Amino acid sequence: MKTRFSNSYLSLPEQFYQRVSPTPVEAPAFVALNEPLAEELGLDSSSLRSPEWLAVFAGNRVPEGAQPVALAYSGHQFGHFVPLLGDGRAVLIGELTTPQGLLFDLQLKGSGRTPYSRRGDGRAALGPMLREYIIGEALHHLGIPATRTLAVVASGEVVVRERPLPGGIQSRIAQSHIRIGTFQYASERGDRSALAALADYVIARHYPELVGGEDRYFELARSIFSRQARLVAQWMHVGFIHGVMNTDNVAVSGESIDFGPCAFMNRYDPDTVFSSIDRDGRYAFGMQPTIIQWNLTRLVEALVPLFGTDENTAVARAQELVDGFPALFTEAWYGGMRAKLGLCGDDDGDNELIKQLLEGMYAARVDYTNTFRALSGDAHFSVPAALNDWRVLWDSRIDPTRNGRSREESLRAMRCVNPAVIARNHLVENALKEAVDNQNLSIIHQLVNALRDPYTPQSDYGSPPSDDHDQGYRTFCGT
Ligand code: AMP
Ligand code: MG
């Protein structure tokens, strides 16, 4: 095995990590290997099926030259600050450099106890690790930045949750694993130079255009605000609910991360929550813009010591960023909604038209994804009759005289942004059940293949579940 791993994280002050090794497992076996991702990373997918790589993915073997670490971070969990979280069931093996020169972390999740495990067993169940695989592929192929899964192995061991479950280990690929919580951790310790070292590391790795700039820490915050505004807007465009938007689950790279109890909404309702642990709906679909702003406020609170020597000025600048967030988000969100409706140019009534559609969809309890797909002229779907009045307004808006392009062009563009296939709850649930309970992996592979081509209608994947199924559907964090 000639793959080289680096670990730039080791250049940070020692308080940010602890050296650890994954804990070996008895009888590892491949459950999934993400071949397209392997190719993108410049890894030869047939050699990844070797016993050597299986041992790496299982945590039974540390690749030569790799220096694995568990990362330290803090975080607000459901609004409550926890000063020390950290990788309690994950190990960063190292970084891989792609043939294009891009750097990615390879992290094992479910790889055993670390100094940050607290009372946890450091392990993960197979189902939730496969879930991250499915959803990561779904998001990525919808053009939404997301961590992805390179491999999932069954550990051959049992993990005890509400009931005994087969254990699994996920090999996760991310631009990095630095979270808002990592900055909170640095800030909590009151060590300004460590905080600056972390910020400079993030700038070099994710925002290289800011390197060396006089006001770079403030610009870093601004850039993270932009990426998060865009990311959450993109989730909203496709009906995605992250499910556990704690500050430790927000990556400063702008990738979706730790979307354990996530789900795609079927019927349009901003109050939709599927996560079993989100009893108050803090992370409901429609709350996500508010919550990301809340999380970003925690980020600037941590960064404020780097915003200048005069504290009052620094705080005022931080506040300005926070106050500007709603406008940033609204712009990103309307931009995507306009594309979903094929709108070109600017028309005074556009925002109102978009709002009216959502109100109509809510009142008529219709499927979010399929309504947009039907409007796009996809004959597999039909526009709900309840939207007929609205449709007259929209039809006149996309008339060539007002929209500057033919109707057919508008519809074609819409079919490139409105998915026909999303990772619907009942599809994911069925694929996981077959894989975990019946050792039948074919369903999961078929589903992932469908999700890799989301703009092409595929007959088995278009229908929403019955209302009954959706009402009772609950997702779990997998801890
Ligand atoms: P998560 O909900 O997966 O984002 O995890 C929140 C925190 O709990 C992180 O610090 C995890 O490392 C830790 N954690 C979750 N599950 C376990 C587990 N089974 N063993 C040890 N730590 C865990
Ligand atoms: Mg997490």
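What follows is a walk through a predicted model, from a covered helix to a metal site, some aromatic rings and a few single residues.

Let's start with helix α3, which runs over residues 51-58. Most of this helix is covered, with six of its eight residues buried. The buried ones are Trp53, Leu54, Ala55, Val56, Phe57 and Ala58. What do these buried residues of α3 pack against? Their partners are the strand β2 (29-33), the helix α2 (45-48), and the strands β7 (103-109), β8 (148-160) and β9 (164-174). Right after α3 comes Gly59, and its phi is positive, near 85°.

Next, look at strand β6, made of residues 90-97, where you'll find Leu92. Leu92 has 0% relative accessibility, so it counts as buried. Which residues does Leu92 touch, once those up to four places away in sequence are set aside? The list is Asn7, Gln67, Pro68, Val69, Leu71, Asp105, Leu106, Gln107 and His177. Three of those, Asp105, Leu106 and Gln107, sit in the range given for β7 (103-109). For a sense of scale, pick Val211: it is 119 residues from Leu92 in sequence, and the two C-alpha atoms are 25 Å apart.

Now follow the chain into the loop between β7 and α4, a helix spanning 126-141, where Ala124 is found. Arg118 is in the loop between β7 and α4 as well. Are these two buried or exposed? Ala124 has a relative accessible area of 1%, which makes it buried because the cut-off is under 20%. Arg118, at 53% relative accessibility, counts as exposed, since that takes a value over 50%. Arg118 also has a backbone quirk to look at: its phi is positive, near 50°, and it isn't a glycine. As for Ala124, leave out its neighbours within four places in sequence and its contacts are Arg89, Gly110, Met129, Val159, Arg161, Gly167 and Gly168. Among them, Val159 falls within the residues of β8 (148-160), and Gly167 and Gly168 within those of β9 (164-174). Ala332 is 208 residues from Ala124 along the chain, and their C-alpha atoms are separated by 35 Å.

Further on there's a helix pair. Helix α5 covers residues 180-188 and helix α6 covers residues 192-206; they pack at about 155°, with their axes 9 Å apart. The two are therefore roughly antiparallel to each other, as an angle over 145 degrees counts that way. On the α5 side the contact is made by Thr182, Phe183, Ala186 and Ser187, and on the α6 side by Leu195, Leu198, Ala199 and Val202. Sort the contact residues by class and you get six nonpolar, two polar and no charged.

A second helix pair sits at residues 425-438 (α15) and 442-451 (α16). Here the packing angle is about 145° and the axes are 7 Å apart. Helix α15 brings Leu427, Val428, Asn430, Ala431, Leu432, Glu434 and Ala435 to the contact, and α16 brings Ile443, Ile444 and Leu447. By class, that contact has eight nonpolar residues, one polar and one charged.

Then there's the metal. Which residues coordinate the magnesium ion, ligand 2? They are Asn249, through OD1, and Asp258, through OD, at 2.1 to 2.2 Å. Asn249 and Asp258 are both buried. Asp258 has a relative accessibility of 12%, so it lands in the buried class. Its place is in the loop between β10 (240-241) and β11 (263-264). Like Arg118, Asp258 has a positive phi without being a glycine, in this case about 50°.

Finally, the rings. The whole structure has 16 aromatic pairs. In one of them, Phe225 and Phe325 have ring centres 6.0 Å apart and planes at 75°, so the pair is edge-to-face. This pair links distant parts of the chain: Phe225 is in helix α7 (residues 216-237) and Phe325 is in helix α9 (residues 311-340), 100 residues apart. Both Phe225 and Phe325 are buried. There's an aromatic cluster to look for too, formed by Trp235, Phe240, Phe259 and Phe264.

Key. Residues numbered from 1 in each chain as written. Chains lettered and ligands numbered in written order. Predicted model: local features only at pLDDT ≥ 70, side-chain atom pairs only at ≥ 80, totals over all residues. Heavy atoms only, no water. Buried < 20%, exposed > 50% of the residue type's maximum accessible area, 1.4 Å probe, protein only. Helix = DSSP H or I, 4+ residues; strand = E, 2+ residues; numbered from the N terminus. Contact = heavy atoms within 4.5 Å. Axes fitted to C-alpha atoms, helices over the stretch in contact; angles between N-to-C directions. Parallel < 35°, antiparallel > 145°, perpendicular 65-115°, else oblique. Nonpolar A, V, L, I, M, F, W, Y, C, P; charged D, E, K, R; others polar. Donors = N, O, S within 2.8 Å, 3.2 Å for Na, K, Ca; no water. Phe/Tyr/Trp six-rings, centres within 6.5 Å; stacked < 30°, edge-to-face > 60°.
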